[in-house]
Every structure is written in C-alpha cells, then in structure tokens.
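This briefing is meant for a reader who is meeting the structure for the first time. Please keep the sequence and the model in view while reading the points below.

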Amino acid sequence: MLALAGCGGSSAPPSVSVPAAHTYSLVSHHSGSLLTLKIVQPDGTPLTKFKTGSGPHTGVHVIVVRRDLSAILHVHPHVGADGVFRASLSTLPPGPYRVVVDVYPANQTVQPNFQLFANLRIAGRYAPKPLPPLQRRETVDGFTFILHGVPHLRAIQPAFLHFTVTAPDGKSAAFTPWFGALAHAIFFRTGSLDYFHTHVCAPGAAGCTSILGAAKVTGTSSTAGRLDVGVLVPVSGTWRLFLQCRVGGHVLTAPFTLRVE
Ligand SMILES: [Cu+2]
C-alpha cells in the first residue's frame, strides 16, 4: 500500500491498488457521488499522456460495477493536465462496487492497455440480487435486444454473439458512435469480477480489435440494428455481458448472463 496525500475532505478513505506488473497504481476516492481518480506512474508522477484518435481504444475508460453485477456505469472521462479524472456515481444504487480503470497510455507498444482496480461502497441499504438466468430477449427503454442462436462459449476462444436491436416503433435501431464504437461489450465474471471488454465498430474501422494473449476479436455492425459482438474471456464461469450502444441520443445498456465453459 502507498501512503496518500492531498485527498482532504473525503467521506470515504482513499484506496490504492497495485497491478500485477507493480508499476502503475490507482488513487481513488469518492465524496458524495463524485469519484475522483488518478493514475500514478512508477516514478511517482501522475500519468497524463494517453492514446488519442478515432476508435474506442483511447484515454481512460472508467467502469464501476456493483458486486452482484446488477448495476454498471461506463464513462470515458477527460483527464486534466494534473492527471485527475472524475466520474459521477449519482445514477448508481447503494452497495459495494468494483472500479475498473482501463488505461490506454500514449506510446504503448506491446499491449495497448492495462487495467487498474479499486473498491468503493455507496452508502445505503444493500440487498444483493441473484444473477438472473440468460434471457435472450431484453427490453431497455422500449428498445428490444435479441440474442440469436444458442451461445457456445469457451475461455480464451474468440466467438461471436449475434444481436438485433429494434426501436420502440419496430424499426431496426440506428446506432450512433459512442466513445468511439457502435457498441461496447463489457464482461464481468460472477464472484471474482474478472473483466473483459470488446467493441463493435463499422466494418473496416481501425482500432477496434481486442487482444487477450495471442487471441484477438473484432466486433462489427454491417447493417442497421445488427451487432456482431466478439466474445473473448479469460476464464470459464458465469459471466454477465453488459451490451451498450447509443440510439437517438439514448445510451442503452442490455445485460445478458452467459455460461463460458
Ligand atoms: Cu468500450
């Protein structure tokens, strides 16, 4: 653990996590509904330079997920010149959460990104919800997401899940890019909260491929309303997929429970 300074006025103690590489650390604290984060480099200075450009693999991605996988927040905040970035927790219900910061530093060569973690608790009564079984049809804000076919998923093996999304008027949903992708597929494993994240982009878009060891996967959407989501998760178990896209100014999040052998 590192000693921390400069986090006065906090209602919750700051937490620090050190990734496997023991190089970068995350300073995280929240006060009320505001989460404040900073990445500290091995030399003790804040990380301020991130990958930029089109596509989703830029900057920092902040994901805050409740431990029972019933609530999630996903934002790509702007990082200040001092390395500080923030996210509002105001939409999240009470309970224990895991914070994942997926980091795309500038000048990264071998692996484009890495993750840092923290935990936080939003005050209030928490009754964990059991994970629902897979429902292949999910309705979110009047939009219907349908998963076609029966998924046969295995750890470390890239596979695709085919979804269609229909608007409340029955027409195919027209996706608009959000945080550099037509859709984001965020995966968490129940219990351990292992994490993986893939994207769906227009055919031929650059910077959309997710890598896990030697395996890669790129999701595509070639027709309105259709999402071919690449799945590539590190270990077997029961996973929750949060499929997110933006349609007509709404950000929609559709959850699906997946068994991975
Ligand atoms: Cu994403």
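## Strand pairing and one residue in context

In this predicted model, E138 has F145 as its bridge partner, and F145 belongs to strand 10. The points below begin with the strands around that pair, then turn to a four-strand sheet, and end with a single histidine.

**Strands 9, 10 and 11**

- Strand 9, which covers residues 137-140, runs antiparallel to strand 10, which covers residues 143-148, and the two are joined by four bridges.
- Another residue with a partner in strand 10 is R137, whose bridge partner there is I146.
- Strand 9 and strand 10 form a hairpin with two residues between the strands, and in this hairpin D141 adopts a positive phi near 50°.
- Strand 10 also pairs with strand 11, made up of residues 159-166, in the antiparallel sense and over five bridges.
- Within that second pairing, H148 finds its bridge partner in strand 11, namely H162.

**The sheet of strands 5, 4, 7 and 8**

- An open sheet is formed by four strands in the order 5-4-7-8, and the pairing in this sheet is antiparallel.
- Strand 5 (72-75) and strand 8 (114-122) stand at the edges of the sheet and have a single partner strand each, so one side of each is left without a neighbour in the sheet.
- From one strand to the next, the twist averages 15°.
- The partner of strand 5 in a pairing of four bridges is strand 4, residues 60-66, and the two strands run in the antiparallel sense.
- One of the residue pairs is that of V62 with V75, the latter being the bridge partner in strand 5.

**H250 and its surroundings**

- H250 is part of strand 20, which spans residues 250-260.
- Is H250 buried or exposed? H250 falls in between and counts as partly exposed, because 14 other C-beta atoms lie within 10 Å, whereas 20 or more would be needed for a buried residue and 12 or fewer for an exposed one.
- Between H250 and I63 there is a separation of 187 residues in sequence, while their C-alpha atoms are 18 Å apart in space.

Methods. Residues are numbered from 1 along each chain as its sequence is written. This is a predicted model: local features need pLDDT of at least 70, side-chain atom pairs count only at pLDDT 80 or more; totals for chains, interfaces and linings use all residues. Two strands pair if DSSP finds at least two bridges between them. Axes are lines fitted to C-alpha atoms, for helices over the stretch in contact, and angles run from 0 to 180 degrees between N-to-C directions.
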